[in-house]
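Trainee: Could we go through this model together? I would like to see how each label is earned.
Mentor: Gladly, let's take the labels in turn.

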Amino acid sequence: MSFKDDIKTLRRQSNLTQEALAQKLHVTRQTVSTWETGKNMPSLETLHALSQLFNISLEKLLFNEEIAMKKDKEPSLATQIDHDVKLKSRYRRWTFGLGGLIVLALVSIGILCLGYYKGIGTIDRFDPFLSYKVGYTKLPSEKVLFLNKKKPLLQKGLFLSKNSFFISLLN
């Protein structure tokens, strides 16, 4: 007999409908139907759950025969599959964890670059790559200056050089 006949026979012996079997395995009724018609095969996790549900070995379920253990103490196929399923879930967790850390690092670097280029002070405060220079200057006075001797300017916020050219504005 083949797998499709075995699964149908095991389901009927357990007095289960396709719907009841589907609910126990967390799949749809149509999925169970495709297994019984031979159009599709279940995943390894589902095969493992089927073997536990019907209380038979995985070798018996897949190959319709028990595979004898070799004398060199090699684990059975069911043990190997169970181990592989556990490794798969472990690798998935590690992959998502490392991926999350990489995304977090890229977003953090992006925010620091945005703060640097836009000059956002609250972001720049946390940027470890910015170098700060401490300097002292004399505050401008309130006296009136003349720009090219034509019209007077109040020196509040203007820095003038010898050529009467202003360098920067402080509002």
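Trainee: What kind of crossing does α4 make as it passes α6?
Mentor: In this predicted model, α4 passes α6 in a left-handed crossing. The two axes come within 10 Å and cross at roughly 135 degrees.

Trainee: Why is α4 called oblique to α6?
Mentor: Set the angle against the cut-offs. Roughly perpendicular covers 65 to 115 degrees, and roughly antiparallel needs over 145. The crossing is at roughly 135 degrees, and that makes α4 oblique to α6.

Trainee: Which residues of α4 and α6 meet?
Mentor: From α4 come Leu44, Glu45 and His48, and they meet Ile81, Asp82, Val85 and Lys88 of α6. Sorted by class, that contact holds three nonpolar, one polar and three charged residues.

Trainee: What makes the polar count one in the contact of α4 with α6?
Mentor: Work through the classes. Asp, Glu, Lys and Arg count as charged, and His is not on either the charged or the nonpolar list, so it counts as polar. His48 of α4 is among the residues that meet α6, and the contact has one polar residue.

Trainee: Now to the other partner of α4. How do α2 and α4 lie, roughly parallel or roughly perpendicular to each other?
Mentor: Helix α2, residues 18–25, packs against helix α4, residues 44–53, at an angle of about 115 degrees, with the axes 10 Å apart. Roughly perpendicular runs from 65 to 115 degrees, and α2 and α4 are therefore roughly perpendicular to each other. As for handedness, α2 passes α4 in a right-handed crossing.

Trainee: Which residues make the contact between α2 and α4?
Mentor: Leu21, Lys24 and Leu25 belong to α2, while Thr46, Ala49, Leu50 and Leu53 belong to α4. By class, this contact has five nonpolar, one polar and one charged residues.

Trainee: Let's move to the loops. Why is Asn15 called exposed?
Mentor: Exposed means over 50% relative accessible area. Asn15 has 72%, so it is exposed. You will find Asn15 in the loop between α1 (3–13) and α2.

Trainee: What is notable about phi of Asn15?
Mentor: Phi of Asn15 is near 55 degrees, a positive value in a residue other than glycine. As background, most residues other than glycine have a negative phi.

Trainee: Where does Asn55 lie, and what is its phi?
Mentor: Asn55 lies in the loop between α4 and α5 (58–63). Its phi is positive, about 60 degrees, although Asn55 is not a glycine.

Trainee: How do you know whether Asn55 is buried or exposed?
Mentor: Its relative accessible area is 70%, and the exposed label needs over 50%. Asn55 is therefore exposed.

Trainee: And why does Gly38 count as partly exposed?
Mentor: Buried means under 20% and exposed means over 50%, with partly exposed in between. Gly38 has a relative accessible area of 47%, so it is partly exposed. Gly38 is found in the loop between α3 (29–37) and α4.

Trainee: How far is the C-alpha atom of Gly38 from that of Asp5?
Mentor: The two C-alpha atoms are separated by 8.6 Å, with Gly38 and Asp5 being 33 residues apart along the chain.

Trainee: To finish, how many helices and strands are there in the protein?
Mentor: There are seven helices and four strands, following the pattern α-α-α-α-α-α-α-β-β-β-β along the sequence. Of the 171 residues, 19% are buried.

Note on methods:
Residues are numbered from 1 along each chain as its sequence is written. This is a predicted model: local features need pLDDT of at least 70, side-chain atom pairs count only at pLDDT 80 or more; totals for chains, interfaces and linings use all residues. Side-chain values use heavy atoms; hydrogens and water are left out. Axes are lines fitted to C-alpha atoms, for helices over the stretch in contact, and angles run from 0 to 180 degrees between N-to-C directions. Helices (H or I, at least four residues) and strands (E, at least two) are DSSP runs, numbered from the N terminus. Angles under 35 degrees count as roughly parallel, over 145 as roughly antiparallel, 65 to 115 as roughly perpendicular and the rest as oblique. A crossing is left-handed if the near helix is turned anticlockwise from the far one by less than a right angle, and right-handed if clockwise. Contact means heavy atoms within 4.5 Å. Buried means under 20% relative accessible area, exposed over 50%, partly exposed in between (1.4 Å probe, protein chains only).
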